[in-house]
Amino acid sequence: MSELTFDEVRVRYGSGRSALTAVDGVSLTVPSGQVVGLVGESGSGKSTLARTAVGLAPLSGGRVLLDGEDVGRRTRRGRRPLQMVFQDPYSSLDPRMSIGASIGEAMPRGSRDRRTEVARLLELVGLDPDRAATRPGLLSGGQRQRVALARALAGRPEVVIADEITSALDVSVQGAVLNLLRGVQRRLDLSMLFISHNLAVVRYVSDLVAVMYLGRIVEAGPTEQVLADPQHPYTRDLVAAAPSWHTSLLEDTVSEVADVEPSDPHRPPAGCRYHPRCPRGPLVHAERTLCVTTDPADGAAGRAHRAACHFAAPSSPVDPISHLP
Ligand code: ADP
Ligand code: MG
């Protein structure tokens, strides 16, 4: 059991006019044994944030901690307490290696009985242990993603980061992979950061949810609470756009601000970054200049439900659970 903490994390790519702050002062905690869903549109900085935890994105500010200790230092001591599974199951496995060898390779140094352990892991992810000698080329996308998960688990992690792991799969197998992931997470009591642009998917697996927009977390809290009663207009837009969602609660969302160009991440808007698209901001309510002048960011990311909006919706009197499908 481990707690993963992003503390004021900042990632800046490039320099000069092309510089881009992909993650801008994000604080987020994945409590021990819980699943935190990270959702937001493409380019909002979800993958970049996740990559800082495994040393694949440069940290230009802040810290990433595992149980209060710098995550890089924990990793160097042999074991790999944090493992990441990526979106593309076709590039994440070496095509020349059998799946058993791929999994075995990821085990900690000095592991004994690798063959038995490989079989156990294959079984854990719902694959026939007799297929250990198979090359990934013979597997479907869903099966490859199961192998990628087994490979991540081979490192005996306490924390798993799953970045869009079902996004490249056929819809027909996405559910099975999500079920597997949720089952394994519970069985092994893993802490997990689960990233997806798909709100329905995030809702299905997450205890807590954090919503990212242009490098910032704009709303966070317990999943059912955030999705039943979203406070930030961006979250409301996401919820309203999700299929088969009950949306009558969200009438103020129905966009008076239709199809505004997405903001340029190289030059994020002043004040609240969402104001050029926001139905609650100065585009609709001219007197709300606060949105243009003042940044509402407050590092929203605790367990309590919080939103970084000057005009967050008042709490709804509706029972937060009963109106969900
Ligand atoms: P998401 O995972 O939410 O789609 P990313 O973290 O991939 O978002 O990207 C966030 C922003 O950072 C985007 O504007 C993207 O173009 C930019 N970006 C990502 N990786 C790099 C990189 N290696 N170099 C420069 N810019 C990058
Ligand atoms: Mg991504």
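Q: What makes helix α5 lie across β6 and β7, and at what angle does α5 run to β6?
A: In this predicted model, α5 (residues 141-154) lies across β6 and β7 (159-163) and runs at about 170° to β6. Contact means heavy atoms within 4.5 Å. Axes are lines fitted to C-alpha atoms, for helices over the stretch in contact, and angles run from 0 to 180 degrees between N-to-C directions. Helices (H or I, at least four residues) and strands (E, at least two) are DSSP runs, numbered from the N terminus.

Q: Why are β9 and β10 called paired?
A: Pairing needs at least two bridges found by DSSP between two strands. Six bridges join β9 (residues 208-213) to β10 (residues 216-222), so the two strands pair. They run antiparallel. Ala-210 has Ala-220 in β10 as its bridge partner.

Q: What makes β6 and β11 edge strands?
A: Each pairs on one side only: β6 (82-85) and β11 (306-307). The open sheet has seven strands in the order β6-β7-β8-β3-β9-β10-β11, with mixed pairing.

Q: How do you know that the buried residues of α4 are on the same side?
A: Buried means under 20% relative accessible area, exposed over 50%, partly exposed in between (1.4 Å probe, protein chains only). Glu-117, Val-118, Leu-121, Leu-122 and Leu-124 of α4 (residues 114-124) are buried. They cover an arc of only 155° around the axis, which puts them on the same side of α4. The arc is that of the directions from the helix axis to the C-beta atoms.

Q: Which residues are exposed on the face of α4 turned away from its buried side?
A: Arg-115, Thr-116 and Glu-123. The buried residues pack against α3 (99-105), α5 and α6 (171-188).

Q: How are residues and chains labelled, and which limits apply?
A: Residues are numbered from 1 along each chain as its sequence is written, and chains are lettered from A and ligands numbered from 1 in the order in which they are written. Local features need pLDDT of at least 70, side-chain atom pairs count only at pLDDT 80 or more, and totals for chains, interfaces and linings use all residues, while side-chain values use heavy atoms, leaving out hydrogens and water.
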